[in-house]
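Please find below my notes on this entry, written for someone opening it for the first time. They follow the strands and helices that seemed useful to look at with the model on screen.

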Amino acid sequence: MRAPSLAAAAALLSAAVGTAALAAGPADAATPQASRSPTVIAVDATRTLGSVSPGVLGQVYSWQFGGMESFNPATDQFYPQFIRDVQLMHPGSIRFPGGIASETFQWERAIGPESQRTDNAYGPGLGPSPSTVGPDEFGQLLDLTGAEGVYTVSFGFGTAQQAADLVEYMTGKVGTSRWADLRAENGHPQPYNVPYWEVGNEEYAALYWRSGTPVSVGGPPGACHAVTTCLYIYGGSTRFTNQPVVGYANQTPQAAYSTGAPAQVFYATYAPVMPGSQTVYVSGKPWTEVATLATAGPTGDVYTLDPTTGAITFGNGVHGAIPPKGDLVTLTYVSGPHGGFVQFYQAMKAANPSIAVCSSDTNLDFIESMGSTLPYDCLQQHQYAYSGTVANDVPITQYQEQLMAASQQQYAADLQLEASIEEYAKRYVPLDETEYGQFLSSNPNGQPYFHYSLDEALLLSSQLAEWIRLGLPVADHQLLSGAIPPPSLCCVGLPQNSPYATTASIGTPGPNTVLEATGELYQLFAPLAGGELLSSQTLENPVLSPTTGTSDLSVVAVRKGNELYLVAINRSPTSAVASRVLLQGVRDTGPTTTLLRLDGPSSLSYNTGADPSTVTVTREAVHASGSELPLTLPAHSITTVEMPVAPTPTFPLSEHVTALPGVGVPGGHVTLRTTVINSGSHTLRGTVQAILPQGWSARPLPPTPARPSMPPNPSASPGDPGSPDAAPPSPVSEPPPEPLLPSQPYTVAAHSQTTVDLSVTLPAEPTQVTSTLGSVLLAPDGSVLEVGTTTVSMPVTASCVLGSSNTCTGMTQIADSADGVTTPLTVDGLSARETVQVHPNDFNIYFAINPSVAQNGDYAATFTFRYFDGQSGTLLLEYDSTCAACGTVNGAYTATGAVFEYGSGTWEAASFSVNNARFAGRENNSSDFRVASSEPIILHSITVTVGPAVPSA
């Protein structure tokens, strides 16, 4: 079937894309200007990049406050609406008992009948909370949703034996252990589906018992660079001095003060206590340990100690004195011995060898110290957007632009982490993103519910798309449920003294839960679970932020059998994107294509109890066919295209695309050459279309004569287009597809190849160093066979003339307050800026190259600057280089040759050329290079010409 013309396909889809755009509001309905080249989303349905794990569509479920008010203690059941909301999200994994809250959670207190359970300390506030939701309620949630469990055991307050017992309770078969049998007595004979286990939460940052002074450290000498790393890996003991005691399930500061009640019991924060190492103080006075209080007199300043639990028991006024009311109780002691990750791993794997046991320390020291000999099955990583990502007081448009850049930065960080793991472990160790999202500390001013908004959903979708591209087995959004706070408590987060948490996917409390935009988005990704990720690329992707280089669209494509799913995220808060989807290896998308879309009135819209459908998912069926699909993506939207597809008939054609030459000059020409290869036995005719950036143009060049490609294939079966017996393709009388881009027909004889050349005119003033050119090979029936791309590199010049108001193109001066402060002045009629001393002998002027010119790549660059030679001294040009061993921060501050000043009192110029520039923003305030000196600098102008790096000989 011939692909419909673009105009015909657009008419077929007008109802879908037009209605959605109008629903978004007048400002969002505007389509991109006609002068802009259409965005092309090319999907290769024949090339898979790995499977999409269902576990990547996960959530973190926190235990406290009845699962953040999702569980009804009156009925001993989850609220039905909560379960319906969770099931709509189709979670592939659920993490429990939370993040920080998992460290203080003692699971034995949270099993069995409610009347037999006792409190737990609940996280950041560290006060008591009823253990209403425990391991069995977590298991029930897994049963109701079909999700896999991710369980975080306490490393800071727990033991390896407790962790192993819990593994048996959750996953053991009845009759294999007393814990598995106890689970059956509690109502669940079958094991729960909990394949993933984490030893602690964020142990790279939270030290707990390791925060004391080391007394003994496990492991061989020199096994780790940091003592805390070896304590996590091998265990050990630490000393604490005058540490306030805590209460049962109560680690608040108030718990360390005597109430004046008889027989008070306090606890060491980090049990066990090494016997004989402790001194207990009451208001600074040491008391004496006794074996029993039964023989103590009423005035004896004595106590008993249980070393295992750390329980300190005082007298009742008859046997032993009562600490006076209001007196502070402190403890000096050695905490330990504690087991390390190695002991936890061994004990938990002995309980169930089939589980995966993950480390929660992502420091390079841990990875290097574990090496290739000590086992760990996975590594727990947490990626958040936070206040360091973007300031809260910037305009909302700037906030949105910078926030949407976070996912790309996190993707790069995870790639680097994976590379480090493989380097030292000498094997593949999966990375699990068991928390991601945005901290409440990053909340734009005037937007109290931003974390429930469509903007936040766009961030989470962008992060999720990156986890899918990375092939992660597990990714869990923080947080599944949290009570919607009143405006006065909008920024109270997980969980302080209340169940409020505006980072949740589902707003609670009680029976009328609200599925927020941050939960709705998972419906659009759910069809991808279990599918095969396809190769895809987006050409002419609009730029959302020139500062960060972030594009409007993030796209992932997946194939499951004869279904193809394309998820397109438009992160722009104001602009729709007109796109053209090309499906390589697909002949027909008919008869029905379904559009699922998450959208709302604005990017800041969110759902409330009064209006739970402000941001919601809509579904619409459209009728279209062919391998080319026009698709308009409204502003601030997530769209899933569900397409039943049939494979393209086998045509013995392939292509190879090159740009000749690879380096062009502004206003010049390059040749986009497509080599069309016919391995069949019949002459084939079709079309090659060009994909060009905005403002570029092309014209056909005379075709190159065909030349033999290969001998006939004797093994081809009759009827195959490549077989000698096959009938030639029937002529098509329909008009060719309507060309929107330069095109050139081809005719290629049997067993030969030909080249199709298009002369491409480069813009006179290019805005980027490298640009992508594309070639689309259309088969004789009009379907897309292949999409090839290449890049053309052009030198680009950025410059800055300094003064009271700088005049800059393609670069900016960075006014760093630490050591890059400058002041304007005029010298001999030339405007300039002079460095101001902030630190002794530290005078620098910082600059950043705009991402539209060059960003984090391999570049050649020439730096030319004009300076005033006013005194004796030395100037250095220091830049971001590709040499990781150069400079002080992964190649930052790599120095060129020196410029010597002689105090001539004249304007001078200096120039340096390098072939290893990176422009990765590694210097102060994300600058790319600086002119540095130990003496004041007077600089008039600087010019940087950036081009592609020349390969070394």
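1. Strand β1 (residues 39-51) and strand β25 (residues 532-539) run antiparallel and are joined by seven bridges, where strands are DSSP runs of E with at least two residues, helices are runs of H or I with at least four residues, and both are numbered from the N terminus. Two strands are said to pair if DSSP finds at least two bridges between them. Within this pairing, valine 40 stands opposite leucine 539 of β25.

2. This is a predicted model, in which local features need pLDDT of at least 70 and side-chain atom pairs count only at pLDDT 80 or more, while totals for chains, interfaces and linings use all residues. Residues are numbered from 1 along each chain as its sequence is written, and side-chain values use heavy atoms, with hydrogens and water left out.

3. Strand β25 also pairs with strand β28 (residues 553-560), in the antiparallel sense and over two bridges; here leucine 533 is found opposite valine 558 of β28.

4. An open sheet of eight strands follows the order β10-β11-β17-β13-β14-β15-β16-β12, with mixed pairing. Its edge strands, each pairing on one side only, are β10 (213-217) and β12 (265-267). From one strand to the next the twist averages 30°, angles being taken from 0 to 180 degrees between the N-to-C directions of axes, which are lines fitted to C-alpha atoms, for helices over the stretch in contact.

5. Inside that sheet, seven bridges connect strand β11 (residues 235-244) with strand β17 (residues 329-339) in the antiparallel sense, and glycine 235 has glycine 339 of β17 as its bridge partner. Helix α8 (residues 227-234) lies across β10, β11 and β17 and runs at about 115° to β11, contact meaning heavy atoms within 4.5 Å.

6. Strands β49 (residues 822-827) and β50 (residues 830-835) pair in the antiparallel sense through six bridges, with threonine 826 opposite serine 831 of β50. Their hairpin has two residues between the strands, and aspartate 828 takes a positive phi near 50° there. Strand β50 is further joined by two bridges to strand β57 (residues 938-948), again running antiparallel, and glutamate 834 has isoleucine 938 of β57 as its bridge partner.

7. Why is helix α14 (residues 517-525) described as largely enclosed by the rest of the structure? Nine of its nine residues are buried, so the description follows; buried means under 20% relative accessible area, exposed over 50% and partly exposed in between, with a 1.4 Å probe and protein chains only. Among them are Glu520, Tyr522 and Phe525.
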